[in-house]
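These notebook entries record what I looked up in one protein structure. I kept each entry short and in whole sentences.

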Amino acid sequence: MEFTANAPVAAARLEIKRVITDAEYAVVHYHMIAPDDARGVAVVDIWRLVDGVITEHWDVVQPVPAADQLPHGMV
């Protein structure tokens, strides 16, 4: 429980961009903005489920660059 309470996501604001699911996988793409990081990070979490139980998890996390570095946006 302490791990979850102290995780960066606990104090962050999440902006869900998309959710994709099928019979075996759930994928969530979101923008996570911590109180001390105005640009935040782009995150994709992928879960594999078996009988409704998470059996595998992967994630990709990338800092959002300044707007002038990526004119078409990122998140």
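The entries below go through the core, the surface, the charged pairs and a few single residues.

**Entry 1: the model**

I noted at the outset that this is a predicted model.

**Entry 2: the nonpolar core**

I began with the inside of the protein. Which residues form the largest nonpolar core? I found six residues in this core: Ala 12, Val 28, Tyr 30, Met 32, Val 41 and Val 43. I then checked which strands supply them. Strand 2 and strand 3, the latter covering residues 41–50, each give at least two residues to the core. The greatest contribution is that of strand 2, with three residues. I recalled a general point here: in soluble globular proteins, nonpolar side chains tend to be buried together.

I next looked up the surroundings of Val 28, a member of this core. Leaving aside its neighbours within four places in sequence, I listed Ile 16, Arg 18, Val 19, Val 43, Val 44, Asp 45 and Trp 47 as the residues in contact with Val 28.

**Entry 3: a nonpolar patch on the surface**

I turned to the outside. Val 9, Leu 14, Ile 16 and Val 19 form a nonpolar patch on the surface. Together these four residues have about 340 Å² of accessible area. Which element gives the largest share of the patch? I found that strand 1, residues 13–21, provides this share with three residues. Val 9 lies in helix 2, which spans residues 8–11. Because its relative accessible area is 38%, and partly exposed means between 20% and 50%, I entered Val 9 as partly exposed.

**Entry 4: His 31**

I asked whether His 31 is buried or exposed. Its relative accessibility is 8%, so I recorded His 31 as buried. His 31 belongs to strand 2, residues 25–33. I also looked for a polar partner of its side chain. A polar atom of the His 31 side chain lies 2.7 Å from the backbone oxygen of Arg 39.

**Entry 5: Arg 13 and the charged network**

Arg 13 is in strand 1, and I noted it as partly exposed at 48% relative accessible area. Leaving aside neighbours within four places in sequence, Arg 13 is in contact with His 31, Met 32 and Ile 33. The side chain of Arg 13 also makes a polar contact with the side chain of Glu 15, at 3.2 Å.

I then counted the charged pairs. How many salt bridges does the structure hold? The number is four. Side chains of opposite charge can pair when their charged atoms come close. One of the salt bridges joins Lys 17 to Glu 15, with the closest N and O atoms 3.6 Å apart. Lys 17 is partly exposed at 34% relative accessibility, and Glu 15 is partly exposed at 29%. I wrote down that Arg 13, Glu 15 and Lys 17 are linked in a network of salt bridges.

**Entry 6: Arg 48 and its two partners**

I followed Arg 48 next. Arg 48 forms a salt bridge with Glu 24, with the closest N and O atoms 2.7 Å apart. Why does this pair tie together parts that are apart in sequence? Arg 48 lies in strand 3, whereas Glu 24 lies in the loop between strand 1 and strand 2, so the pair ties together parts that are 24 residues apart in sequence. The side chain of Arg 48 also meets that of Glu 56 in a salt bridge, at 3.0 Å from N to O.

I compared the exposure of these residues with the classes. Arg 48 is partly exposed at 22% relative accessibility. Glu 24 is partly exposed, with a value of 31%, and Glu 56 is partly exposed, with a value of 31%.

**Entry 7: Asp 51 and Thr 21**

Where does Asp 51 lie? I located Asp 51 in the loop between strand 3 and strand 4, the latter being residues 53–63. Asp 51 counts as exposed, at 77% relative accessibility. I also noted that Asp 51 has a positive phi of about 55 degrees although it is not a glycine. From C-alpha to C-alpha, Asp 51 and Arg 13 are 30 Å apart in space and 38 residues apart in sequence.

My last residue was Thr 21, which is found in strand 1. Thr 21 is exposed, with a relative accessible area of 57%. The C-alpha atoms of Thr 21 and Asp 36 are separated by 32 Å, and the two residues are 15 residues apart along the chain.

Methods:
Residues are numbered from 1 along each chain as its sequence is written. This is a predicted model: local features need pLDDT of at least 70, side-chain atom pairs count only at pLDDT 80 or more; totals for chains, interfaces and linings use all residues. Side-chain values use heavy atoms; hydrogens and water are left out. Patches are made of residues with over 30% relative accessible area and no salt bridge: like charges are joined within 9 Å, nonpolar side chains (Val, Leu, Ile, Met, Phe, Trp, Tyr) within 5 Å. Accessible areas come from the Shrake-Rupley method with a 1.4 Å probe; for residues, only the protein chains shown count as cover. Helices (H or I, at least four residues) and strands (E, at least two) are DSSP runs, numbered from the N terminus. Buried means under 20% relative accessible area, exposed over 50%, partly exposed in between (1.4 Å probe, protein chains only). A polar contact is a pair of N or O atoms within 3.5 Å; within protein, one must be able to donate a hydrogen and the other to accept it, and residues adjacent in sequence count only if both atoms are side-chain atoms. A nonpolar core is a set of buried Ala, Val, Leu, Ile, Met, Phe, Trp, Tyr and Cys residues joined through side-chain atoms within 4.5 Å. Contact means heavy atoms within 4.5 Å.
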